[in-house]
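Reader: Please take me through a few of the terms used for this structure, and show how each one is decided.

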Amino acid sequence: MAEAPYALTYQKFVHFALEETRKHTNLNPSTLQEKFGFLSSIDGKTELHMHSFESPKIRLLRSLCIKGSDNMQVLDFAIFPRVEFDLPIFCANFFTTAAMSIVLLDLNPLHNVISQHDYKKKYYTHLIPLGNEYTELFQWGGKITSESMKFFSPIVIWSKFPPSQQKHHLLYSAFCDYLKSWLQLMDHVTAETDSSKIIMNLEAQHRYLTWRAEKDPGHQLLRRLTGETLAKEIIRSFLFKGVDELGMKMFIDYFPEYKCDDGTAVNQKRSMVGKSFESRPWDTRGEFIGNTSK
C-alpha cells in the first residue's frame, strides 16, 4: 500500500547529502547560517529550513526545505564550486503536493556542453549510463524553453508524476547517486592556475546565478510565503549568493534578448525565442538532438 503523501519528506535527502559530503571534504558552516536558518511563512502555516556550508573546493553548499500545508514539500539544494574549479553545479529542485511532484535533478554544466566537447567529455561522458538508468524511470516532464536548456546537461532528470512512496524512493536513489558522482568529480579536480580560465569560470557561474535569480520558477512560491522583500533577500543573498558579488553584469547584459523597449527592464516572458522541448533533447549516447525539436 502506498504511503501517505505527508510522509514523503525531503529532510533525509539533506541529511544524506551532508553526511556524504563530509566523507569527502571538511564542511564548515557558512556565515549565511547566522541569518538564514529558520523562517515561518506570513500566515504561520509553512516552515522554511535553511542550511549553508563551504569547503576548500565548495564556494557554497546550501539547502532550503519547505514544509507547508496541504502536504506541500519543497527541496532546493545546490552546490556551487569555487571559481578556481570548472566543476558542474549540483542542482536538485523538488516540489511535491498531494497531487503532483515536479522534480529536476542535474549536474548543471558550468560551460556549454553542446558546443564545448572537451568539457562534456571531462565531466559527463562517463555518466551517460547513469543518466540513462534514471531517465528511463522518470519520463520527460514536458516543455522546457531553449533558453533554460542551455543550463542543463545530458543527464538531467526533469519529470512530473503523482507522488508515491515508490517514486519517492527512486528519486532518493537518483539524488544519492548523482551526488556521489559529483563528489567523485570534486575529489579528482585540481585548481585552475591560469587566470584567464579562472575568469571564465567566474563569469560562467555569475551568468548562471544571474539567470536563476531572475527566472527561476520557484520565486513565485517564495514571494507568496514570505512577501516580496524577504523573498528577494532569500533569492539573492542565500539561494543564489554570489549574484551581487561575483560580477557586475546585469541580467540584460548576459541575455539582451530579454531587454524591454525602455532598455533597462527585463521582459517577464519565460522564453523570447519561443522554442521549447516537449521531449528529451538528448539521445541515449548523450548527443544533443534538440536542433530537430520544435
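Author: Let us begin with one residue: leaving aside residues up to four places away in sequence, Ser153 touches Asp106, Leu107, Pro109, Val113, Tyr124 and Trp282, where contact means heavy atoms within 4.5 Å. This is a predicted model, in which local features need pLDDT of at least 70 and side-chain atom pairs count only at pLDDT 80 or more, while totals for chains, interfaces and linings use all residues. Residues are numbered from 1 along each chain as its sequence is written, and side-chain values use heavy atoms, with hydrogens and water left out.

Reader: Why does Ser153 count as buried?

Author: Buried means under 20% relative accessible area, exposed over 50%, and partly exposed in between (1.4 Å probe, protein chains only); Ser153 has 0% relative accessibility, and therefore counts as buried.

Reader: What makes the pairing of the Ser153 and Asp106 side chains a polar contact?

Author: The two side chains approach to 2.5 Å, and a polar contact is a pair of N or O atoms within 3.5 Å, of which, within protein, one must be able to donate a hydrogen and the other to accept it, residues adjacent in sequence counting only if both atoms are side-chain atoms.

Reader: Why are helices H1 and H5 called roughly parallel?

Author: H1 (residues 11-22) and H5 (residues 165-188) pack at an angle of about 20°, with their axes 11 Å apart. Angles under 35 degrees count as roughly parallel, over 145 as roughly antiparallel, 65 to 115 as roughly perpendicular and the rest as oblique, so H1 is roughly parallel to H5.

Note on methods
Axes fitted to C-alpha atoms, helices over the stretch in contact; angles between N-to-C directions. Helix = DSSP H or I, 4+ residues; strand = E, 2+ residues; numbered from the N terminus.
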